[in-house]
Structure formats: C-alpha cells, structure tokens
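Student: I would like to go through a protein structure with you. Could we take it topic by topic?

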Amino acid sequence: CYESTNRLRLYWKPVFTGRTLNSITRADLKAFSLSLSDKNLAAASINKILVVGTTALSWAYREELIPANPTDGLVRFAGETGKRDIFTPKEAAAIFSAQWKEKRAYVGNLLSATTGLRAGEVLAVRRSDIGEAVLEVRHSWSDYDGLKSPKNGKTRRVPLLPEVRRELLALLAENPHDCIDQFVFYSYLPDRPMDQK
C-alpha cells in the first residue's frame, strides 16, 4: 500500500540501507523505535512505521532466511490518540472566506465540506459524475492504485449544492486537457488528477 511504501522510504531506508536482514538485531530495532519517539510522532504512527519492517523480519525468520527473530520481545508504543473534532460553523466560515492561493484546493475542500467526500473521492470526480442536484461518487483516486472504487466498495449519490456545482463546472471549464471524461481536479497530466497535498 502507498502508506507502507512511504513509511519504508522515509523511516526504514535511511537507517537500514546497506544492512543485511541477518545483521539487524533487537537492540537495533529498539534504538530505531526510540529514535522515532524522539521525532514527536504519535504512538499509533510509530507502531505503523515499525510494522512495515518487523513484518518483513518476522517473515524472514519463519521462512528460515535468518536464524533468529529480532522482533521477539519488541514492545509496541502506547499513548492517547489525539482527539479529532470537526470545525465549528464559525471556523468553517473563516476557512472558506480566507484568500486561497489554489482554486482547485478551495473547490475540493468546499466539495468535501458540503458532501462528506474523502480526499481520494474528491480527486476522482469527473464530468460524468456531476448531476443537476446530486454527485455520483463512483471512484476514489490513489497515487498507488490509480482510479479505484470508493473505500466501502459501493457507489453512492450525495446532494450537491447549486453553488458547489457551479464551482465544479467552472473548474472543469479551466481544465487544459481535451479528454472525454476529464478530472475536475486536473493536473498537468490528462490521465490523473492533481496531487492531494
């Protein structure tokens, strides 16, 4: 998955590149996990990062590619998950009345705020999804998988406010690509939407 690949690239590779599986010890893994803790990452994030490499090391041990399992006895991090909340109406109004540098980001966030679409679902919106009063949520976009079904695997219809519809169509009119079913949140490539970051 995309997140696991990023965790491997950002955290494991800088520390363990050039090392053989057999040379990695429990002490190395403990030191690595403590270095992650020093980065002020949440406990859940550290555990997700650790799973990327410890899964591979445990597999290598089970397949008898290494003589010992360096992950034995490695303790998971514990801690409270940061509380997530939704914006108050006043906060949301302040966000959308601010000056946005990127119109696509503004419209994408407006769409998400008024429909509940996830980021990947917003990116996947194409011309054929925009109805008069509803938006067809048929796809999601992932840089790793490309166009795929929504997270729950089911398509759905969501109410589309007239002002949000106008913004989507205006953005679509700015799309520089001449495609049959263009992405509303276009990028410099015709076959993929903009980066969600």
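Tutor: Let us begin with a term: accessible areas come from the Shrake-Rupley method with a 1.4 Å probe. Please also keep in mind that this is a predicted model.

Student: Thanks. How much area does the chain expose, then?

Tutor: The chain exposes about 12,900 Å², and carbon and sulfur atoms supply 53% of that area.

Student: And what share of the residues count as buried?

Tutor: Of the 197 residues, 32% count as buried.

Student: Okay, new topic. How many helices and strands are there?

Tutor: The chain has 7 helices and 4 strands. Along the sequence they follow the pattern α-α-α-α-α-α-β-β-β-β-α.

Student: Is the chain compact or spread out, set against the globule rule?

Tutor: The radius of gyration is 22 Å, well over the 16 Å that the globule rule gives for 197 residues, so the chain is more spread out than a compact globule. Its C-alpha trace spans about 65 × 40 × 30 Å along the principal axes.

Student: What about contacts between residues 24 or more positions apart?

Tutor: Such residues account for 51% of the contacts in the chain with a separation of 6 or more.

Student: Switching to rings: how many aromatic pairs are there?

Tutor: The count comes to 7 aromatic pairs. One of them joins Phe 16 and Phe 32: the ring centres are 5.3 Å apart and the planes are at 75 degrees, so this pair is edge-to-face, as planes over 60 degrees apart count as such.

Student: Where do those two sit in the chain?

Tutor: Phe 16 lies in helix α1 (residues 2-16) and Phe 32 in helix α2 (residues 26-37), so the pair ties together parts that are 16 residues apart in sequence. Both Phe 16 and Phe 32 are buried. Together with Trp 12, they form one aromatic cluster.

Student: What is the geometry of the Trp 100 and Tyr 106 pair?

Tutor: Their ring centres lie 5.5 Å apart with planes at 70 degrees, so that pair is edge-to-face. Trp 100 is partly exposed, with a relative accessible area of 27%.

Student: Last one: is His 177 buried or exposed?

Tutor: His 177 is buried, because its relative accessible area is 15% and buried means under 20%. This residue is found in the segment after α7 (162-173).

Student: Which residues does His 177 touch?

Tutor: Leaving out residues up to four places away in sequence, His 177 touches Gln 182, Tyr 186, Ser 187, Tyr 188, Leu 189 and Pro 190.

Notes. Residues numbered from 1 in each chain as written. Predicted model: local features only at pLDDT ≥ 70, side-chain atom pairs only at ≥ 80, totals over all residues. Heavy atoms only, no water. Rg over C-alpha atoms; globule rule 2.2 N^0.38 Å. Buried < 20%, exposed > 50% of the residue type's maximum accessible area, 1.4 Å probe, protein only. Contact = heavy atoms within 4.5 Å. Phe/Tyr/Trp six-rings, centres within 6.5 Å; stacked < 30°, edge-to-face > 60°.
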